[in-house]
Amino acid sequence: MKSIADFLKFVFRYRYKAVDLIMFYVSMICALTVLVHIGYITNPQVAKHTKVAIIAMFYGLFLLECFRTSSSIFASRRIVVSHYSGLVVISYFLVIALSRLSDIAWLDYFTKDEWIYFGIGMVFLSELSKSSLFFDNFYFNPTILFVISFIGLILIGTVLLMLPRTTLEAPLGFVDAFFMATSAVCITGLSVTDISTNFSLFGQTIIMLLIQVGGLGIMTFTGFFGYFFSGGFSFKNQLMFGEILGENKLNDVVSTLLTIIFITLLFELIGGIFIYFTLDPTLFESSAERVFFSAFHAISSFCNAGFSILSDGIGNPLYRYNYHFQVVLVLIFILGGLGFGTVYNFYTYIKGKVYALICILFLKKKYKHKAQPFSFNTKFILLCNAVVVVVATGSYFLMEQHNTLVTDKSVMGEWVTSLFMTNASRSAGFNSVDVNFVSTPTLIMLTTLMWIGASPGSTGGGVKVTTVAVAFMNIFSLARGKDSIELFKRKIASESINKAFAIIVLSVLTITFSFVLLNFSDADKPMKALLFESVSAYTTCGLSLGVTPSLSATGKMIIIFTMFVGRVGMLTLLVAFIKNTKNKSYIYPTEKLLF
């Protein structure tokens with residue numbers, strides 16, 4: 001008995017990585033079996049056997065996790081942070097096992113097979129994250145790693161979308177699956193097929209998960225789960241995630257990572273609840289279908305993805321005049337488009353006000369208010385967005401008064417439609433009005449709004465509203481003979497000005513390049529539609545004049561490339577693949593150029 005105890009201590013002190021690796025491969029086999037069962041097997045007899053095998057694997061993983069966690073606790077003589085994930089998994093397995101083996105009424109809900117699939121997926125995700133804090137054996141530039149992570153996620157999504165049970169009709173071909181996966185991961189919303197009618201629930205769920213992970217970035221998710229399941233970050237991990245998240249202080253890397261996840265899930269949950277109560281219950285066969293609808297649109301709108309499981313999108317006759325539903329969507333994708341920093345600034349401000357109220361009313365003590373609750377970036381972003389929202393909404397209302405707005409049943413409805421269309425065109429990609437029917441001036445405005453896009457640090461695309469604002473402010477400063485831009489008693493760094501113009505030039509070049517190539521690959525399509533498609537793809541907006549499904553295979557690949565470049569950023573790609581030059585210890589004489 002003593003020798004067994006000594007052996008366990010040796011294994012879990014010095015060979016714990018080997019134990020985790022074994023668990024990883026076992027969980028991966030189980031997860032792949034679940035994937036094949038759900039997405040590939042259509043024969044009922046074969047499906048029956050694989051279901052039995054999956055249940056056996058589920059209990060097998062349960063026993064392995066129990067053995068590993070208990071032995072590790074025994075070897076270390078105490079419960080540490082790294083044991084928490086195992087205890088959570090064991091608790092989950094116990095609930096599912098009790099629901100199937102006992103007659104307890106409140107546990108009947110957990111007898112569905114989906115909970116077993118979710119449990120196996122959770123174990124595999126935890127093992128993947130453990131083995132991956134993950135990148136200690138790699139020496140990639142973090143920017144390159146960021147790009148590779150998106151490519152990897154797109155390829156995984158492509159494989160999943162090619163499974164036979166993803167669609168209700170014929171399975172998607174490689175190009176179409178690749179297009180849909182890229183559009184979902186790059187949170188664009190362009191589609192070569194109608195996901196509301198051609199995709200099964202399984203396929204729609206894959207799209208929703210790709211949107212969620214793609215919206216936040218797979219590195220953010222991997223870092224979050226890796227930190228949770230392994231109990232911490234190494235110094236190298238902190239450096240890597242600090243550069244990816246744009247966080248200069250290493251001590252704040254973990255908190256920033258957790259904050260991004262928390263803020264996203266919180267607002268998606270709140271948005272989903274509001275969406276749920278704006279829906280007509282008679283349009284759904286069950287509450288579960290209504291919940292899924294709410295969750296899908298909350299995630300799609302907060303991530304500014306533009307995907308909808310409604311036929312004809314928000315313009316569907318049953319939802320076209322549900323203005324409460326549209327207002328909720330607008331609020332969600334405006335929040336998602338403000339950027340995590342700005343949303344977190346709002347969150348801390350509201351939390352501070354609530355705490356101050358509690359201090360005054362209940363704790364009977366003074367609360368110290370911050371002198372500047374909103375940062376310079378937050379003020380600038382809010383000002384830019386306010387100008388764009390007011391000007392764009394008013395312009396749409398005036399220009400479409402005798403065109404697409406005539407079908408709205410009230411003045412309030414006209415303003416809601418104007419607000420929805422202008423803000424959705426900036427990046428969200430939803431449309432309650434068919435873009436083909438808007439007037440030419442309005443179409444030009446919508447194209448411009450797509451190019452402007454959302455705010456920096458958000459899930460939205462475009463060149464970003466602050467970039468355009470800085471460029472215009474610089475023009476006015478030059479016209480006034482000033483050599484700097486000043487706002488809110490602050491001077492904007494010349495580095496920011498240079499970056500703004502670089503982003504603008506690169507966006508124009510990329511859109512032009514994509515447009516020219518589309519004119520070669522799909523010369524039979526109208527030039528206006530191809531230009532609109534190019535802008536929509538680069539800005540990850542998702543609005544279309546209807547030519548996407550009819551594009552040639554080459555045209556689809558061009559749009560795929562444009563979506564990827566637009567999501568990752570042309571400047572990011574240049575930084576990732578162009579080697580840095582060594583800093584010089586000397587400076588050349590300055591000369592002025594003629595313009």
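K525 is buried, at 14% relative accessibility. The structure described here is a predicted model. In this model, K525 takes part in two pairings of opposite charge. Its salt bridge with D524 has its closest N and O atoms 3.1 Å apart. In the salt bridge between K525 and D522, the closest N and O atoms are 3.8 Å apart. That N to O separation counts because the cut-off for a salt bridge is 4 Å. Through shared partners, D522, D524 and K525 form one network. The surroundings of the two acids can be set side by side. D522 has a relative accessible area of 2% and is buried. D524 is exposed, at 62% relative accessibility. The labels follow from the cut-offs, because buried means under 20% and exposed means over 50%.

By the rule applied, the count of salt bridges comes to 3. One of them joins the side chains of D176 and K556, at 2.8 Å from N to O. D176 belongs to helix 7 (residues 174-185) and K556 to helix 22 (residues 553-568), so this pair ties together parts 380 residues apart in sequence. K556 counts as buried, with 9% relative accessibility. D176 is partly exposed, its relative accessible area being 23%. In general, side chains of opposite charge can pair when their charged atoms come close.

The overall fold is described next. The protein chain contains 23 helices and 2 strands. Buried residues make up 49% of its 595 residues. Among contacts with a separation of 6 or more, 71% are between residues 24 or more positions apart. The exposed area of the protein chain is about 30,700 Å², and 68% of this is supplied by carbon and sulfur atoms.

The nonpolar interior was then examined. The largest nonpolar core has 113 residues. Within this core, L161, M180, I207, I211 and F307 touch the most other members. Helix 9 (residues 201-216) provides the largest share of the core, with 8 residues. Another core lies apart from it and has 18 residues, including V34, V89, I116 and M122. As a general tendency, nonpolar side chains in soluble globular proteins are buried together.

I211 serves as an example of the packing. Its contacts, leaving aside neighbours within four places in sequence, are A184, I187, I299, S300, C303, A305 and F307. F307 is itself listed with I211 among the core residues that touch the most other members.

Polar side chains also occur at buried positions. S534 lies in helix 21 (residues 527-538). Its relative accessible area is 0%, so S534 is buried. The side chain of S534 reaches the backbone oxygen of L530 at 2.9 Å. It also makes a polar contact with the side chain of S514, at 3.5 Å. Residues up to four places away in sequence aside, S534 touches I511, S514, F515, L518 and T562. S514 thus appears both as a polar partner and in this contact list.

A glycine position was also considered. G337 is found in helix 14 (residues 323-338). G337 counts as buried, because its relative accessibility is 4%. Its C-alpha atom is separated by 7.8 Å from that of S427, a residue 90 positions away along the chain. Not counting residues up to four places away in sequence, G337 touches N304, A454, S455 and S458.

The surface also carries nonpolar side chains. Y349, I350, V354 and I358 make a nonpolar surface patch of about 320 Å². I358 is placed in helix 15 (residues 340-363). With 33% relative accessibility, I358 counts as partly exposed. That value admits I358 to a patch, because patch residues need over 30% relative accessible area.

Key: Residues numbered from 1 in each chain as written. Predicted model: local features only at pLDDT ≥ 70, side-chain atom pairs only at ≥ 80, totals over all residues. Heavy atoms only, no water. Patch = residues over 30% accessible without salt bridge, like charges linked within 9 Å, V, L, I, M, F, W, Y side chains within 5 Å. Areas by Shrake-Rupley, 256 points an atom, 1.4 Å probe, with all protein chains shown as cover. Helix = DSSP H or I, 4+ residues; strand = E, 2+ residues; numbered from the N terminus. Buried < 20%, exposed > 50% of the residue type's maximum accessible area, 1.4 Å probe, protein only. Polar contact = N/O pair within 3.5 Å; in protein donor to acceptor, adjacent residues only side chain to side chain. Contact = heavy atoms within 4.5 Å. Core = buried A, V, L, I, M, F, W, Y, C linked by side-chain atoms within 4.5 Å.
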